[in-house]
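Student: I would like to go through this model by question and answer. Please show the structure, and then we can begin.
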Amino acid sequence: MELRMRAKKIALPTFAALTALVIGAASASAADLPPVVKDGKISYVLTHRLWTVQSNDEKTECPKGMNTGPREQFHQLFPDDGKQRTVVDTYLKREAEQALPSKDSYDPFPYLEAQGPIVHGMNLDGKVKKSDFGDEEGHKGIDNQMYRAIGCIINFRGPSINPIWWYENEYVRRYVANRLMIEISGVDSLENDDDVTVKSYRGMDELLIDAVGDATGQVITPGGTQRIDERWGKMFQATWKAKIVNGVLITEATDATIPIFGRYLTTAVLPIRGMRFELKLTPQRANGVIAGYTDIEGFQRYINQSWPQHYHSNGEMPTISMFHAIDRLADGYPDPKTKKMTAISSAMDVKMTQVFIVPAEKPQPLAALTDRQQAAAQPAK
Amino acid sequence: MRLLGNIRKGIAVVALLSVAGSFAAAQTVQKYRPPVADLEISMNEPMPPGFGVQQTDVDGPVFTDARGMTIYDWPFRNQELGDPGDHKDNASKCTDVKTTVTSGSAEIYPAGYILPDLDIRPSCTQAWPPVLASADAKPVGKWTISERPDGKKQWAYEGMPLYTSNLDTKPGQVNGGMRRPILDGQPPPFRFPVGPPALTPPAFSVKSIATGRVLMNAGGLVVYSFEGDRPNVSNCKGECLKEWVPVLAAATAQAQGEWGVIERAPGVKQWTFRSMPVYTYILDKKRGIVGARGTSLMANDMPGWHPVYTQKWPDPPKELTVQDSHIGQVMADKNGMTLYTYLCADDAWDQLSCDHPTQTQTYRLAICGKGSADTCNKIFPYAVAPKDATTNNLLWGVAWINPKTGRLAKADDPGAIHVWTFRERPIYTHGSDKKPGDARGDSWGEENGLRNGYHAMWIRDDFFGLAS
């Protein structure tokens, strides 16, 4: 029964997708455009998102090992030595310092920054600096201080029973609230086009999941449909000027906010200053990197308000120390008054799947109620 | 409309007289009448002498003791390192012992730390007086008698020991807890009001959400009514049926109480509630994801359509507003700034609450101000009410607060401020919110605010069911 229902669920959108493919084939104007590009537009939905953290050379990246988490730090601060301690002086104090991060928070612990020279990302400032990284393709000047800050934390790297990185990526797919989409318009070619426009939206629908799936059961099938969340999702809408070079979409920088809802029942979002996309495009997929300067306060809220303390501990994420590291390594958008950096260069590996964006139905305006009622009152034919 | 209401009540009485067994309306003397148009009717269950059923603003009918005070239970909940709370058919764990140290059951921290403000911390039974039974009390229906650790007899309902709350001082209050479902994750084991089931046909249930007691169909979808219908006549036909699904009744279904059955077409019957045909909305979803607890309310402001409540919450004060935000709608102050409630339970084995102004403020001042009231009042300022503001119900209210201590004050106390309250707890705005719809303080605090922290007052959430 379950299988039959699943097959039915898949069959309808697949039929829609095939129909759209046929229609798309008939209407594509440029000879080299795939049929999914309709009216010069192609859209993708986010199906995978991880902070860029290399994980194939731990000895180089984290030569002193991984950071220890809040549980270990707590036991170091307050050892089981028979002393009678109070809630106020121990864990309430630590929780308060985590909730309200400041450079004055007590933090005697050494912090292990990532040391490796290679990481994904983008050259955000156009410079090649000593603090920058390179990438595996030989690019220099990669700005990704977030990697330096979080690259030796199990929660972002693994292995762990309950790492945040695994859940976050799962929740990209599972939670509609995280349904980030881009629409590329003005597309004359998916190979080379020097002037396209990218718009981001939040979608409102479940993903189209392949009937067979891969080992994780998470193959997202191209050709699904998504309605735009025009009502609640306005904050996730942004526009970029962009070009396509040898099949890679490269956008300019725009301030944007992405949904990054962590554990269920939490509502954090993440502002990224000067956010950019660099995505290898195919008619079915758009894989690559989102980069920009992550707002520090936004990052703190996302960590504190998306993930409860036991996730911080299970993934050995020393939150107070990590906030200090991010504050220390922040390298973008200085506050005009204090000159203190308010954002940190960062990047996320992303995978997106082609999707057809359809307009959302809007609630009928009140003025139309009478007509609506009249129409509804007509006998069924 | 009032006439219709009287007719409905008349129907209910007829139903009571005509239907035997469990499908009958409760009869009870109300000591408080929520100021709403319609009240939920509950099943008439046998009760021991001295107990009653009382309407509440939040949770509809609840059981009360002889004073009219709401009765609660305390179901256990698995925590990281323990399971505080009562187990069904077992003796109460709430005793006269005054706890002084943490239990280590819920957090990453070991047990044995000294709890704050012990001078005002009650014992479990002072906070939650057990509902005691006389030596000769006899079980009645779902009501049984359990033996407390000290040998006294205590009433239990469906196997769970019963209590009242020292935070309730008037009939109709539910200051000790609400019936809304437990938040997932690692929240403390809250106490819940206990009440009789709502009077519904088996195909329906009633659920407490952030706006009232909403009616749901057997599939867990919210039920709506249509302004275009007339009493006992459905005008939703043709195009209308592309979006709206009539809740059909079995051929054998019978009208009972507020429930009726109409025939849409020969042999096709549809349920009505309070004379209006009921539907579900095709885009609503019952949340299937882990952690999402409610159904969506996608059509709650669709013109001409209304969710069907057995009983709505009283209207909030007119000075408060509703704002659109990034997951739905949220309560806000007159300037549109999102309102927050504060939730707290300590880590002692008896899991006493710490979010009421008569209780310790140490936890709150820590999580919003590192112990500083001044900082706290900037991070989460009190939602200030006009000095002459009043309310007409037990859900929304006002109180004078000493902002330096967070405790209750008198109007003429120096520095006292007049604040809005929700279930007698102050409500707050958040200093980082800059414009209407911002909710940056949501899920703030320990365990995403479930144990010691703040939550936005969501009244609609299309994604996670935070309002349902």
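Tutor: To begin, strand E22 of chain B and strand E23 (residues 407–408) of chain B run antiparallel and are joined by 2 bridges. Two strands pair here if DSSP finds at least two bridges between them; helices (H or I, at least four residues) and strands (E, at least two) are DSSP runs, numbered from the N terminus. This is a predicted model, in which local features need pLDDT of at least 70, side-chain atom pairs count only at pLDDT 80 or more, and totals for chains, interfaces and linings use all residues. Residues are numbered from 1 along each chain as its sequence is written, while chains are lettered from A and ligands numbered from 1 in the order in which they are written.

Student: Which residue in the turn of the hairpin of E22(B) and E23(B) has a positive phi?
Tutor: B:Ile401 stands opposite B:Leu408 in E23(B). The two strands form a hairpin with 4 residues between them. The residue in that turn with a positive phi, about 80°, is B:Gly406.

Student: Over how many bridges do E22(B) and E24(B) pair?
Tutor: Strand E22 covers residues 396–402 and strand E24 covers residues 417–422, both of chain B. Among the facing residues, B:Val398 stands opposite B:Trp420, and B:Ala399 has B:Val419 as its bridge partner. The pairing is antiparallel, and the number of bridges is 6.

Student: Which residue in the turn between E24(B) and E25(B) has a positive phi?
Tutor: E24(B) pairs with strand E25 (residues 425–426) of chain B in the antiparallel sense over 2 bridges, and B:Thr421 stands opposite B:Pro426 in E25(B). These strands form a hairpin with 2 residues between them. The residue in the turn, with a positive phi of about 50°, is B:Arg423.

Student: Which strands stand at the edges of the open sheet E21-E27-E26 of chain B?
Tutor: That sheet has 3 strands with antiparallel pairing. Strands of a sheet pair through backbone hydrogen bonds, either parallel or antiparallel. Each edge strand has a single partner strand, so one side of each is left without a neighbour in the sheet; the two are E21 (340–344) and E26 (444–446).

Student: By what angle are neighbouring strands of the sheet E21-E27-E26 turned against each other on average?
Tutor: Within the sheet, E26(B) and strand E27 (residues 452–456) of chain B pair over 3 bridges, with B:Glu446 opposite B:Asn452. Angles run from 0 to 180 degrees between N-to-C directions, and axes are lines fitted to C-alpha atoms, for helices over the stretch in contact. For neighbouring strands of this sheet, with direction ignored, the average is 30°.

Student: In the sheet E4-E5-E6 of chain B, what is the bridge partner of B:Thr144?
Tutor: This is an open sheet of 3 strands with antiparallel pairing. Strands E4 (143–147) and E6 (160–161) stand at its edges, so one side of each is left without a neighbour in the sheet. E4(B) is joined to strand E5 (residues 153–157) by 5 bridges. In E5(B), the bridge partner of B:Thr144 is B:Ala156.

Student: How do the residues of the contact of H8(A) with H10(A) divide by class?
Tutor: Helix H8 (residues 296–306) and helix H10 (residues 319–329) of chain A pack at about 165°, with axes 11 Å apart. That makes them roughly antiparallel (angles under 35 degrees count as roughly parallel, over 145 as roughly antiparallel, 65 to 115 as roughly perpendicular and the rest as oblique). A:Ile296, A:Phe299, A:Gln300 and A:Ile303 meet A:Thr319, A:Phe323, A:Ile326 and A:Asp327, where contact requires C-beta atoms, placed from the backbone, within 7 Å. With Ala, Val, Leu, Ile, Met, Phe, Trp, Tyr, Cys and Pro as nonpolar, Asp, Glu, Lys and Arg as charged, and the others, Gly among them, as polar, the division is 5 nonpolar, 2 polar and 1 charged.

Student: How many nonpolar residues are in the contact of H4(A) with H3(B)?
Tutor: Helix H4 (residues 91–99) of chain A and helix H3 (residues 362–369) of chain B pack at about 35°, with axes 7 Å apart. The contact is made by A:Leu92, A:Glu95, A:Ala96 and A:Ala99 with B:Tyr363, B:Ala366 and B:Ile367. There are no polar residues and 1 charged, and the nonpolar number is 6.

Student: What is the ipTM of the complex?
Tutor: Mean pLDDT, the predictor's confidence in each residue from 0 to 100, is 85 for chain A and 89 for chain B. The predictor gives the complex a pTM of 0.89 and an ipTM of 0.88.

Methods: Two residues are in contact if their C-beta atoms, placed from the backbone, lie within 7 Å.
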